[in-house]
Amino acid sequence: MLAILGGQPVCDVDWPLWPQLSDEGRRRVDTVLRSDRWSVCGRARGERSLERQFAELFAAYCGTRYGVATDHGSSSLVLAIESLGLPAGAEVLVPAMTWVATATAVYEANLVPVIVDVTASTGCFDPTAAVARLTDRTKALIAVHHYRSLCDMPAILEFARGAGLAVIEDCAQGHGAVLKGRRVGTFGDVAAFSMHQTKVLAAGEGGAVITDDAEKYERLVQLRTDGRGYVADPGFDAMEVVDGRSVMGTNHCMTEMQAAILLSQLPLLDEQHAVRAKSCAVIGRRLDDLGLPPFGQPAGVEQESVYKYAFRWPVEKRRGVGLEAIAAAISVEVGFPVYRADPPLNEHPLMRPATRPRYRAIDSSGAFEGIRFDTPVAHGLAEQTLLFHHPPLLAPEYAAHIADAVEKVAQSIDELAAHEGEIGAPDAD
Ligand SMILES: Cc1ncc(COP(=O)(O)O)c(C=O)c1O
């Protein structure tokens with residue numbers, strides 16, 4: 001009998017907690033807390049700020065020349081978009097499947113998000129669908145690597161070059177993934193990352209922007225630091241940031257405590273990718289056998305970065321049972337939350353630009369209320385996609401339990417159908 005109906009769950013496991021902080025991380029945070037420098041804007045003591053050190057190391061890890069640390073993934077996106085210097089009201093193509101921040105960041109940068117359908121296998125930006133969305137106001141696109149899948153960057157870059165568009169990568173869910181020998185974030189003009197507490201690099205809140213372009217870097221630092229830029233070598237008892245003189249900014253700086261945590265986590269990231277990959281291999285094989293396939297990848301993925309594990313439960317395997325009930329049943333079997341994917345942006349309850357007068361002023365087209373965004377592929381995918389967060393994947397010795405739980409629910413679908421009315425939906429994150 002299914003655990004949600006009173007039977008025995010397939011396992012009773014203490015799943016790994018997330019985020020995690022090593023002893024070294026605790027020491028680093030403690031050192032910051034004992035100092036009088038908790039921000040880049042505090043007086044330097046002859047050393048560069050930790051947030052600057054982290055940004056440099058993270059950029060080097062990804063494979064770009066420059067990096068800027070920020071307070072959130074959302075602000076990283078706004079800064080990345082603003083670093084392009086586009087005219088107000090320009091249109092930016094955004095994939096239908098992503099977190100709402102990808103589109104709200106476009107509004108925050110005084111631009112108009114235009115929603116593009118996704119590729120069926122990966123759920124990522126589909127350049128062939130984007131062609132019909134081009135207008136003479138289209139100036140950029142945002143490629144979002146998400147749900148463990150990566151964008152087909154060579155195809156997206158070819159489309160962007162042909163259409164004369166700048167490319168921003170939203171890597172909030174893709175730290176360290178490698179496609180055709182390059183880490184994500186190195187393909188476009190500029191890339192944004194999130195270090196929110198759920199992400200695979202986690203500081204509670206936090207973010208970063210990376211680029212290879214020196215001019216964009218100078219702009220990004222000033223946009224982030226109230227118009228101030230770094231001095232080359234901070235002296236003792238001196239400011240490390242001074243009037244940058246070229247662009248007005250706002251404050252989106254990362255604290256020294258966040259940077260201390262991230263400096264301790266970055267060296268562990270690839271090792272953790274390898275551990276999650278072991279779990280994914282076990283789970284992926286079993287789900288494929290059950291006809292509940294994990295999301296696919298474009299050709300050339302050499303390293304996955306798993307933020308959320310996504311798989312499909314097609315309608316024909318549901319006997320009329322809703323995705324919420326299936327998610328709830330798996331959650332109780334396995335002991336952590338499994339939930340359904342977000343709807344496409346154009347159907348997302350959190351996408352309400354008309355509630356913000358200044359967004360209405362940017363976009364008078366009635367964007368999200370209109371029929372302009374027909375995204376049948378994203379809609380169909382969202383209707384059959386289940387997800388769970390990455391922490392359980394850090395225990396590969398228990399990976400089979402996850403597959404067992406899914407299999408048990410698949411085999412008990414008739415039992416679930418008979419009792420669906422008694423089951424509540426699990427909470428999403
Ligand atoms: C694809 C994507 N972009 C942007 C963000 C925003 O990041 P943050 O929550 O750090 O603002 C997220 C967060 O989940 C995300 O998944």
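1. Helices, marked H or I and at least four residues long, and strands, marked E and at least two residues long, are DSSP runs numbered from the N terminus. In that sense Pro19 is found in the segment before helix H1 (23–34), and the peptide bond that joins Trp18 to Pro19 is cis, with omega about 0°. The model under discussion is predicted, and the points below should be read with that in mind.

2. On the overall layout, the domain assignment of the protein chain gives domain 1 as 3–20 + 270–422 and domain 2 as 23–268. The centres of domain 1 and domain 2, taken over C-alpha atoms, are separated by 26 Å, and the contact between them takes 55 residues from domain 1 and 52 residues from domain 2.

3. The ligand has 16 residues around it, of which Gly73, Ser74, Asp170, Ser194 and Lys199 come nearest. By character, the residues of this shell divide into nine polar, five nonpolar and two charged. Helix H3 (73–82) gives the most to the shell, with three residues, while H3 and helix H4 (101–108) each supply at least two.

4. Which residues place a polar side-chain atom or a polar backbone atom at a short listed distance from a ligand oxygen? A polar side-chain atom of Lys199 lies 2.6 Å from an oxygen atom of the ligand, and a polar backbone atom of Gly73 is 2.8 Å from an oxygen atom of the ligand. In addition, an N or O atom in the side chain of Gln173 is 2.8 Å from a ligand oxygen. The ligand has 390 Å² of accessible area on its own, and the protein covers 92% of that area.

5. Helix H7 (residues 214–224) deserves a separate look, since Lys216, Tyr217, Leu220, Val221, Gln222, Leu223 and Arg224 are buried in it. What covers these buried residues includes helix H2 (50–62) and helix H3 (73–82), together with the strands E2 (66–70), E9 (190–194), E10 (207–211) and E11 (228–230). At the start of H7, a side-chain oxygen of Asp213 reaches to within 2.9 Å of the backbone nitrogen of Glu215. After H7 comes Asp226, whose phi is positive, near 55°.

6. Is Lys408, a residue of helix H13, buried or exposed? Lys408 counts as buried because its relative accessibility is 19%, and the cut-off for buried is under 20%. Leaving aside residues up to four places away in sequence, Lys408 touches Met1, Leu2, Ala3, Gln8, Val10 and Glu333. Two polar partners can be named for the side chain of Lys408: a polar atom of it lies 2.8 Å from the backbone oxygen of Gln8, and the side chain of Glu333 makes a polar contact with it at 3.1 Å. The C-alpha atoms of Lys408 and Ala329, which are 79 residues apart along the chain, are separated by 9.4 Å.

7. Thr186 is another buried residue, with a relative accessible area of 12%, and its place is in the loop between strand E8 (182–183) and E9. A polar atom of the Thr186 side chain lies 2.7 Å from the backbone oxygen of Arg183. Not counting residues up to four places away in sequence, the contacts of Thr186 are with Cys62, Gly63, Thr64 and Glu169.

8. Some backbone details may merit a check by eye. Most residues other than glycine have a negative phi, and most peptide bonds are trans. Asp237, which lies in strand E12 (residues 236–238), has a positive phi near 65°, and it counts as partly exposed because its relative accessibility is 42%. Arg245 also has a positive phi, near 75°; its place is in the loop between strand E13 (241–243) and helix H8 (256–265), and at 75% relative accessibility it counts as exposed. The cis bond between Trp18 and Pro19 and the positive phi of Asp226 after H7 belong on that list too.

Key. Residues are numbered from 1 along each chain as its sequence is written. This is a predicted model: local features need pLDDT of at least 70, side-chain atom pairs count only at pLDDT 80 or more; totals for chains, interfaces and linings use all residues. Side-chain values use heavy atoms; hydrogens and water are left out. Buried means under 20% relative accessible area, exposed over 50%, partly exposed in between (1.4 Å probe, protein chains only). Contact means heavy atoms within 4.5 Å. A polar contact is a pair of N or O atoms within 3.5 Å; within protein, one must be able to donate a hydrogen and the other to accept it, and residues adjacent in sequence count only if both atoms are side-chain atoms. A residue is near a molecule or strand if one of its heavy atoms lies within 4 Å of it. Accessible areas come from the Shrake-Rupley method with a 1.4 Å probe; for residues, only the protein chains shown count as cover. Ala, Val, Leu, Ile, Met, Phe, Trp, Tyr, Cys and Pro count as nonpolar, Asp, Glu, Lys and Arg as charged, and the others, Gly among them, as polar. Domain bounds come from an automatic or database domain assignment.
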